[in-house]
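User: I would like a close look at one part of this model. Please keep it simple and go step by step.
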Amino acid sequence: MAGAKAAVFREKLTGYLRAQLSRLEAAHGRDSAEYRALALQYAKSPLEDRHAGRGERERHYESEVHIHYDGKPLRGVERLYRRTILIEPTTVCAAHCRWCLRGQYPLFSLSEDDIVRAARYCGSAPVRDDLREILITGGDPLMVPQRLEFIFTQLRAHAPNILIYRIGTRVPVQDPERVSKDLLGILRAAAPAKIEIGTQVNHPSELTPEARQAYAALYEVAFKIYDQTVLLKGVNDSVDVLSRLYDDFRYMGIEAHYLFHCIPMKGMAHHRTSVRRGLELMQDLTSSGAFSGRAKPMYTVMTDIGKVSLYHGVILERNEDDEVLLQTRYRVEDFKRRNPSWKAPASAQPDKDGTLRVWYPDGADDGPAEAAHEKR
Ligand code: SF4
């Protein structure tokens, strides 16, 4: 997203999250893994002022991805991939997850005119030949249900080629009461397009009875709910926690999608494991038979040019700045075709076959998770 700024990302929790923290503290104590799994996600830490420097990012990727339509830039719209476009109606969230790059972005909301233009672009030639999905994210779109309803109306009118409306949200684990009858009515009215909910749960203790009820209600209107867990030091960087989490997803009907390596965001190094630690965990998770094979995630990093899942042969080398060079299958001409203003970031270069290799800053490989965190 353009317009990133170095902002103060204030601490923000919902009443529901504060009540959960009190409950976990009373049940298990402040030093318990259960309490810390939630506190580390939302409590502002003095460690955020200590910048690791090398390679830290202010945006979730560094590519230039501005889109123009009818001679003017489209606000809050990005496109990296063939089938999917992204729109951000708001940057407001129910709570602030400390490692999230939204903390670096200025607050904004899209106007109705912005949304109409975005919908017209999605349905215009030749874009409509490729585009099939829209990811509505932010911020949290469930914080602005009326805006969401307006987006659906405009997409139905101008872009019938969009078959799936994906909505990125953490509301079910941050403020489950927001999943109300009114909200479900709005989501139901998206038909004939299908609603898909992309959520993020990082620890099994977040799956309270209230959160489970919210996901069950969303399943009344969604054809799929999938999860993108972030690998967080001291929260879920253990086989036991991740096994329990993916086991729970399986029986709640939540599809495991990505296990994301925590992004190299400025001031958030203390939340990041090394890439190697994630690979070790994935090996244990995917080759142990501890939970259903239908619940295995893809271990993925968000690079400056897009997501790269880590398989054999993807990591090519490591430099003295502790960046790893990743072999992708992205090609400059594909990016340019989808978005003529796309420019390769400094971290990416084409190889001899024209596919891009990209440098990705690793997290520290510094032993026990707790060592990197201050207790509150
Ligand atoms: S709710 Fe989502 S967008 Fe908002 S701060 Fe958390 S991870 Fe980021």
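In what order do the four strands of the open sheet lie, and is the pairing parallel or antiparallel?

Analyst: Keep in mind that this model is predicted. Start with the sheet. Four strands build it, and it is open. Their order is β12-β13-β15-β14, with antiparallel pairing. Two strands sit at the edges: β12, residues 315-318, and β14, residues 348-350. Each of these edge strands pairs on one side only. On average, neighbouring strands of this sheet are turned by 30 degrees against each other, direction ignored.

Now take the edge at β14. Its partner is β15, which covers residues 355-361. Three bridges join β14 and β15, and the two run antiparallel. Within this pairing, Pro350 stands opposite Leu356 of β15. As a general point, strands of a sheet pair through backbone hydrogen bonds.

For contrast, look at a pair of helices. Two packed helices are described by the angle between their axes and the distance between the axes. Helix α9 spans residues 239-252, and helix α10 spans residues 275-286. They pack at an angle of about 50 degrees, and their axes are 10 Å apart. Because of that angle, α9 counts as oblique to α10. The crossing of α9 past α10 is right-handed. From α9, the contact uses Val239, Leu242 and Ser243. From α10, it uses Leu281, Asp284 and Leu285. Sorted by class, the contact has four nonpolar residues, one polar and one charged.

Key: Residues numbered from 1 in each chain as written. Predicted model: local features only at pLDDT ≥ 70, side-chain atom pairs only at ≥ 80, totals over all residues. Pairing = 2+ DSSP bridges. Axes fitted to C-alpha atoms, helices over the stretch in contact; angles between N-to-C directions. Parallel < 35°, antiparallel > 145°, perpendicular 65-115°, else oblique. Left-handed = near helix turned anticlockwise from the far one by under 90°. Contact = placed C-beta atoms within 7 Å. Nonpolar A, V, L, I, M, F, W, Y, C, P; charged D, E, K, R; others polar.
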